[in-house]
Amino acid sequence: MTRYEQMNKASCGKILDAAFTMAVEDGLLSIRRNTVAERAGIAHSLVTYYFNMDELRDAIIKRAIEKEQVDILDQGKALSNPVAMSAPTKLKSKALATLL
């Protein structure tokens, strides 16, 4: 992997880490590019360069599925997000159980 590729991967990781933390703390709809950039310690333009908002939400929900973070999954389902809707049945059942 070249230095450039390593820098790109690191920037994407910082963006996703910051956005995921924000989603856990304040909800999926709280995600704003400028706030993510500030929290990640990178330029706002890099967030826009790597992700549009739909892609960023999809990436957050994918991570939520990996970590079994059902509250974020629930928020994604409420938004009819295709990634959330395609989550494993077991995890969707777990998310539904938390609502009841």
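**Entry 1: α4 against α5**

I began with the residues that join these two helices in the predicted model. On the α4 side I found Ile60, Ile61, Ala64 and Ile65, and they meet Ile72, Leu73 and Gly76 of α5. Sorted by type, the residues of this contact are 6 nonpolar, 1 polar and no charged. I then looked up the geometry. Helix α4 covers residues 53–66 and helix α5 covers residues 70–78. Their axes lie 8 Å apart, and the packing angle is about 140°. Roughly antiparallel would need an angle over 145 degrees, so I entered the pair as oblique. For the handedness I noted that α4 passes α5 in a left-handed crossing.

**Entry 2: the loops on either side of α5**

I checked backbone phi next. Glu68, in the loop between α4 and α5, has a phi near 55°, which is positive in a residue other than glycine. I looked up its exposure too: Glu68 has a relative accessible area of 44% and is therefore partly exposed. In the loop between α5 and α6 I came to Ser80. Ser80 is not a glycine either, and its phi is positive at about 55°. At 52% relative accessibility, Ser80 counts as exposed, because the cut-off for that class is over 50%.

**Entry 3: the chain as a whole**

I stepped back to the overall make-up. The protein chain holds 7 helices and 0 strands, so its elements, read from the N terminus, are written α-α-α-α-α-α-α. The chain has 100 residues, and 38% of them count as buried. I also looked at how far contacts reach along the sequence. Taking contacts between residues at least 6 apart, I noted that 46% join residues at least 24 apart.

**Entry 4: the nonpolar core**

Which residues have the most contacts inside the largest nonpolar core? I listed Ile15, Ile31, Val36, Leu56, Ile60, Ile61 and Ile72, in a core of 30 residues. Ile60 and Ile61 had already come up on the α4 side of the first contact, and Ile72 on the α5 side. At least two core residues come from each of α1, α2 (33–40), α3 (44–50), α4, α5 and α6 (82–85). In soluble globular proteins, nonpolar side chains tend to be buried together.

I followed one of these residues, Val36, further. Setting aside residues up to four places away in sequence, Val36 touches Ile15, Ala18, Ala19, Met22, Ile31, Val47 and Leu56. Of these partners, Ile15, Ile31 and Leu56 are also on the list of residues with the most contacts in the core.

**Entry 5: two residues of α1**

From Val36 I went to its partner Met22, which is found in helix α1. Met22 has 3% relative accessibility and so counts as buried. Without its neighbours within four places in sequence, its contacts are Gly27, Ser30, Ile31, Arg32, Thr35, Val36 and Arg39. For Thr35 I also looked up the backbone separation: the C-alpha atoms of Met22 and Thr35 are 9.0 Å apart, with their positions 13 residues apart along the chain.

Is Ser11 buried or exposed? Ser11 also lies in helix α1, which runs over residues 3–26. I found 15% relative accessibility, so Ser11 counts as buried; the limit is under 20%. Beyond four places in sequence, Ser11 is in contact with Leu46 and Tyr50.

Technical notes: Residues are numbered from 1 along each chain as its sequence is written. This is a predicted model: local features need pLDDT of at least 70, side-chain atom pairs count only at pLDDT 80 or more; totals for chains, interfaces and linings use all residues. Side-chain values use heavy atoms; hydrogens and water are left out. Helices (H or I, at least four residues) and strands (E, at least two) are DSSP runs, numbered from the N terminus. Buried means under 20% relative accessible area, exposed over 50%, partly exposed in between (1.4 Å probe, protein chains only). Contact means heavy atoms within 4.5 Å. Axes are lines fitted to C-alpha atoms, for helices over the stretch in contact, and angles run from 0 to 180 degrees between N-to-C directions. Angles under 35 degrees count as roughly parallel, over 145 as roughly antiparallel, 65 to 115 as roughly perpendicular and the rest as oblique. A crossing is left-handed if the near helix is turned anticlockwise from the far one by less than a right angle, and right-handed if clockwise. Ala, Val, Leu, Ile, Met, Phe, Trp, Tyr, Cys and Pro count as nonpolar, Asp, Glu, Lys and Arg as charged, and the others, Gly among them, as polar. A nonpolar core is a set of buried Ala, Val, Leu, Ile, Met, Phe, Trp, Tyr and Cys residues joined through side-chain atoms within 4.5 Å.
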